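Visitor: I would like to learn how to read the contacts between parts of a protein model, and how to judge its cysteines. Could you take me through them step by step?

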Number of protein chains: 2
Amino acid sequence: MSKEKRDVIVIGAGISGLSAARLLQDQGQNVLVLEARNRVGGRTYTLKDPAFQYLDVGGTYVGPGQNRIIRVAKELGIQYQMVNEARRTISFRNGKAEAFDMKNSVPKSLGIFDLMDLNNAVRLIDAYAKEIPVAAPWDAPRASEWDSMTVQSWLDATCWCQYTKEAITIICRASNASEPCNLSFLFFLWGITVGGGLTRTMSITNGAQERKFVGGAMQISEGLAGKLGKGHVLLNHVVSSVEQSDDGVKVTTQNGDVFEASYMISAVPMTLLGRITFKPRLPSAKIQLIQCMPMGSVIKTFTFYKRNFWKDLDYSGIVFSCDGPISGTYEDCKPDGSHPAIMGFMNGEKARKYSSLTKEERKKVVCEYYAKAFGTDEALHPINYVELNWMDEEFSGGCYMVSLPAGVLTQFGRVMREPLGRVYFAGTETADQWMGYMDGAIQAGERAGREILHQKGLISKDEIWQEEPESLDIPAKPFDDSIVERLLPSVPGFLKLVVTATTLVAAGAIAFFL
Amino acid sequence: MSKEKRDVIVIGAGISGLSAARLLQDQGQNVLVLEARNRVGGRTYTLKDPAFQYLDVGGTYVGPGQNRIIRVAKELGIQYQMVNEARRTISFRNGKAEAFDMKNSVPKSLGIFDLMDLNNAVRLIDAYAKEIPVAAPWDAPRASEWDSMTVQSWLDATCWCQYTKEAITIICRASNASEPCNLSFLFFLWGITVGGGLTRTMSITNGAQERKFVGGAMQISEGLAGKLGKGHVLLNHVVSSVEQSDDGVKVTTQNGDVFEASYMISAVPMTLLGRITFKPRLPSAKIQLIQCMPMGSVIKTFTFYKRNFWKDLDYSGIVFSCDGPISGTYEDCKPDGSHPAIMGFMNGEKARKYSSLTKEERKKVVCEYYAKAFGTDEALHPINYVELNWMDEEFSGGCYMVSLPAGVLTQFGRVMREPLGRVYFAGTETADQWMGYMDGAIQAGERAGREILHQKGLISKDEIWQEEPESLDIPAKPFDDSIVERLLPSVPGFLKLVVTATTLVAAGAIAFFL
């Protein structure tokens, strides 16, 4: 193995690290990527098996607005498959399944108060999210108020109906793989800000879950690694120490290999940085930050069936639930419709609760839930069950992304992507667009690469952060609120209306009788 | 070095690990303690220097109710020095110092509303703390409500006066080295529960800060290590991996040494467990727990002066402040009055803010603050300045203890001290009395030791958790609320009173005129 001194060493061959390396190599830099696992891809991971061809047990979905991942996928010639939302969606609540047409209606069991309250909460969240500066959420006018509270405290203070709390809990689990009580309200809002709003982040069509890659998401990393070329990505290299001097950085791995470079980029989840011995030590604020950057809790499951039985029952395969073991499902099959499966996320406290079971026991829990949700025993007889518990992945620590607790963004956030001497920080958590997504991983990696180019005098400071042009192939279309959504008042608003009306009627009556 | 197989290996030669080892050795077990640092003591650390004889730059204070540390200190023949609270205390607020007699009065600048509001908050906190089961705070009737909120959200929802928020902020910093926005309200309350109430934990006389050890707190660990004997405590052994099999545990250090034992006890801060590779891996819930157990932020400072100038000005040396760089100070001198100094805690966000300065710059900030607080330029001319930034201590990660964010206790707390196969967990954070204190460290260590004795069939299950008899030398006396404290209503209570009175007067007047 060549011991030449490189320009830049990147730790982590996920999408972020590889994007950094690739940008740097394109600018003539000699780069080396060190990866702890025996594969590239990080939190994207595509299994290959004749039983299902390929399967994305990690990051999967992309959609309009995510212009960087769309750009890279196009360059690598990767095709898309649309996520199915045709047919009826199922809401599973209090042990009962209720089917409805997600595009044009809501579950019938919801009352007018439920709808008003949910509508109010959603509109407030979207309005608040717009107040947050993407690059500096800690500077939002109400940053310290929102960061002092969890999503749960906000719900408890704001919402009147149990249904609203359940719906926002599902959103927390779906978007952050975390519980409302574990998430800073500011962090939750910021995640919505950097994803272009709640509707964009939560939607399938025209939203973040619109499509996935034919052949799997790990192709992005494999493609980037391929472009870097042999000898520029070393697998099975677990970094144990990083030593900085005036001249450069010396990186040592667990098995004693030593690599030298002028600069380094860390593109691993920050919670893992505690494992690496830094000389000189990381500064106090950074040490404390990495102690409170827990990753989300998720077990991604795939239950394969002989046939797409939900289609015959006029179901899309989408089931969402707060009390069920799986917070959200999608239909998963190959572009030709083969290998039909239900993909289900076990998230947040459900993931932790069921993580103590065996795989067989979890499979049973999942199938029994699907049988109730779809109303058919056919769900009890899968032909295959595949899962990945991301909490057990030593070199991720959890998925999909960091779950910032209350107080972290405002107290420690400023140092998150601050370089330390010759060490720079990438990873999707340091993005300011689509933070937590594959798209954010690319933004963060390319930005970190350009920070080094700037440091070397190759580009100006203004060029470090670059806007990505809107994709012409997959443009983000605006969302129209339905008339109902715009006109529906909140529960307190409605009560005020009722009281005002009642008072006026009473006043009229009194005036009449006097 | 002997490679014989031990009964038990303990990781961490702080008070907790050494207490575990000592109890086990007393029961005939062959123990080995592996310590990463070049000293024992962990978060207690006594510097020796002719300039000040000795100095506790880590854990220091003990008081009545802490019967375990009192027992061990007695056994080791360690003497006490009382902490001084005689003379006037200083409250520093909005850039101004105000002296008052802490025992019999309050700062004069406080209005009746300030006092009512603070009294209400303090009484609520104490009443809530009593509702929490010490061994299982997650089972408190209102556990999920309190764990979903931070101390700051509770303050914002409950307190009417800015002064109350400042006072509770000082308490959070003083007791947890953390900010109200970073602490779960449930965790904050539990800390008070396990310390016998707010007054006990915050007081000097009859409280947790009543006394300190002549010669320093590290003597506890040195004494315990001495009793274990040579060859039973190995310094400079940084554990890198722990491998469990059916027969026992194999512990490997960074420099390649391998040790074997039947059982293991981890007595290091949980946030550091991420650095150790466990085979088999830690279970998901534990992996996620250790990602959200950040340690507090503190720089402990000592500013030495030629003479005890505050005494001449009739000050005790105690200054507390929310806006100043130092949240709380005590006089620090040797039992004979020599080496007079002011000990000051830079805590929470202040610690992080000032951590980026040089030591000389921090010294200047501290002295200028003392000059304003004590109202004398003499404070600007120290003869020595000693500090320890605990955030930079690689094998602590911060001090004094863990600062649990919202949602962690209820979501992850149950697995905190759950043994994993042959591995048991000590450390003050796993105590259910005086958690976070030296006393809790002993309780946790001895309990972990007895868990192994029980596993080996040497004691019964009932004997694992043992009550500690009340010390006869240093008994905990009850506190009497002052009459003012008992009778003072809260601000809302007062307003209700005012409104009721006004209404009655008005009703009387109306009745009179009709």
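Guide: What follows deals with chain contacts, then domains, then cysteines. This is a predicted model, in which local features need pLDDT of at least 70 and side-chain atom pairs count only at pLDDT 80 or more, whereas totals for chains, interfaces and linings use all residues. Residues are numbered from 1 along each chain as its sequence is written, chains are lettered from A and ligands numbered from 1 in the order in which they are written, and side-chain values use heavy atoms, with hydrogens and water left out.

Visitor: How much area do chain A and chain B bury between them?

Guide: The size of an interface is often given as the accessible area lost when the parts come together. Here, buried area (the accessible area, with a 1.4 Å probe, that two parts lose on being put together, summed over both) comes to about 3,100 Å² for chain A and chain B, with 43% of it on carbon and sulfur atoms. Gln288(A), Gln291(A) and Gln411(A) supply 20% of the area that chain A buries against chain B, more than any other three residues. In terms of contact (heavy atoms within 4.5 Å), chain A contributes 43 residues and chain B contributes 43 residues.

Visitor: How many residue pairs are in polar contact between chain A and chain B?

Guide: A polar contact is a pair of N or O atoms within 3.5 Å; within protein, one must be able to donate a hydrogen and the other to accept it, and residues adjacent in sequence count only if both atoms are side-chain atoms. Between chain A and chain B there are 28 such residue pairs, both at pLDDT 80 or more.

Visitor: Which residues supply 77% of the area that domain 1 of chain A buries against domain 3 of chain A?

Guide: The bounds come from an automatic or database domain assignment, which gives domain 1 of chain A as 6–52 + 215–282 + 420–463 and domain 3 as 109–204 + 480–514. The area buried between these two domains is about 620 Å², of which carbon and sulfur atoms give 68%. Asp432(A), Trp434(A) and Met435(A) supply that 77% on the side of domain 1.

Visitor: Why does Cys367(A) form no disulfide?

Guide: A disulfide is a covalent bond between the sulfur atoms of two cysteines. The cut-off for the sulfur pair is within 2.5 Å, and the structure holds 0 disulfides over all chains. The sulfur of Cys367(A) is too far for a bond, because the closest cysteine sulfur, in Cys333(A), is 18 Å away.
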